[in-house]
Amino acid sequence: MQLFKISRIWSDPLIRNLCSGSLFAITFIWAAIIFFGVDLEIIKTFLLLSFLFVAAMILIGLIFFPLILLLRKQKRVFLRGMKKEPDEKKNWSDKVR
């Protein structure tokens with residue numbers, strides 16, 4: 001039963017992308033430290049600012065998501081009020097001729 005759950009987790013493409021992206025990021029940081037002699041303090045600052053940036057983007061998304069939903073609902077209500085009845089269309093086409 002436990003093996004089935006693990007195989008189901010690994011078959012999810014989002015989990016695979018998260019794992020491979022994390023592996024590539026760790027490899028990139030390791031290469032920067034070892035091969036290019038980047039100071040560990042710079043890497044720590046980079047990682048801290050990266051996490052802060054991601055957290056800020058998540059918060060902005062949480063704030064704007066309800067706002068965008070409200071705007072979309074108001075737009076639908078506005079468009080429903082602007083729909084013309086079939087009689088109006090017929091009269092308009094008669095006037096154009």
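1. Ile 63 is exposed, at a relative accessible area of 60%. The residue sits in helix α3, which covers residues 40-82. The model is a predicted one, and the accessibility of Ile 63 is a value computed from that model.

2. Ile 63 belongs to a nonpolar patch on the surface. The other members are Phe 53, Val 54, Met 57, Ile 58, Leu 59, Ile 60, Leu 62, Phe 64, Leu 67, Ile 68 and Leu 71. Together the patch residues have about 1200 Å² of accessible area.

3. On the overall fold, the protein has four helices and zero strands. Read from the N terminus, the order of elements is α-α-α-α.

4. Burial and surface can be taken together. The protein has 97 residues, of which 4% count as buried. It exposes about 9500 Å², and carbon and sulfur atoms supply 72% of that area.

5. Helix α2 spans residues 13-34, a run of 22 residues. From first C-alpha to last it reaches 31 Å, close to the 32 Å expected at 1.5 Å a residue.

6. Which residues of α2 are buried? They are Ile 29, Ala 31 and Ala 32. Seen down the axis of α2, the buried residues fall within an arc of 160 degrees, so they line one face of the helix. The face of α2 turned away from this buried side carries Leu 23, Ile 26 and Ile 34, which are exposed.

7. Aromatic contacts come next. The count is one aromatic pair, formed by Trp 30 and Phe 35. A pair of aromatic rings is described by the distance of the centres and the angle of the planes. For Trp 30 and Phe 35 the centres are 5.7 Å apart and the planes stand at 80 degrees. The pair is edge-to-face because its angle is over 60 degrees.

8. Are the two partners of this pair buried or exposed? Trp 30 is partly exposed, with a relative accessible area of 49%. Phe 35 counts as exposed, at 58% relative accessibility. The cut-off for exposed is over 50%, so Trp 30 at 49% falls in the partly exposed class and Phe 35 at 58% in the exposed class.

Notes
Residues numbered from 1 in each chain as written. Predicted model: local features only at pLDDT ≥ 70, side-chain atom pairs only at ≥ 80, totals over all residues. Heavy atoms only, no water. Helix = DSSP H or I, 4+ residues; strand = E, 2+ residues; numbered from the N terminus. Buried < 20%, exposed > 50% of the residue type's maximum accessible area, 1.4 Å probe, protein only. Areas by Shrake-Rupley, 256 points an atom, 1.4 Å probe, with all protein chains shown as cover. Phe/Tyr/Trp six-rings, centres within 6.5 Å; stacked < 30°, edge-to-face > 60°. Expected span 1.5 Å × (residues − 1). Arc of directions from axis to C-beta. Patch = residues over 30% accessible without salt bridge, like charges linked within 9 Å, V, L, I, M, F, W, Y side chains within 5 Å. Salt bridge = Lys/Arg side-chain N within 4 Å of Asp/Glu carboxyl O.
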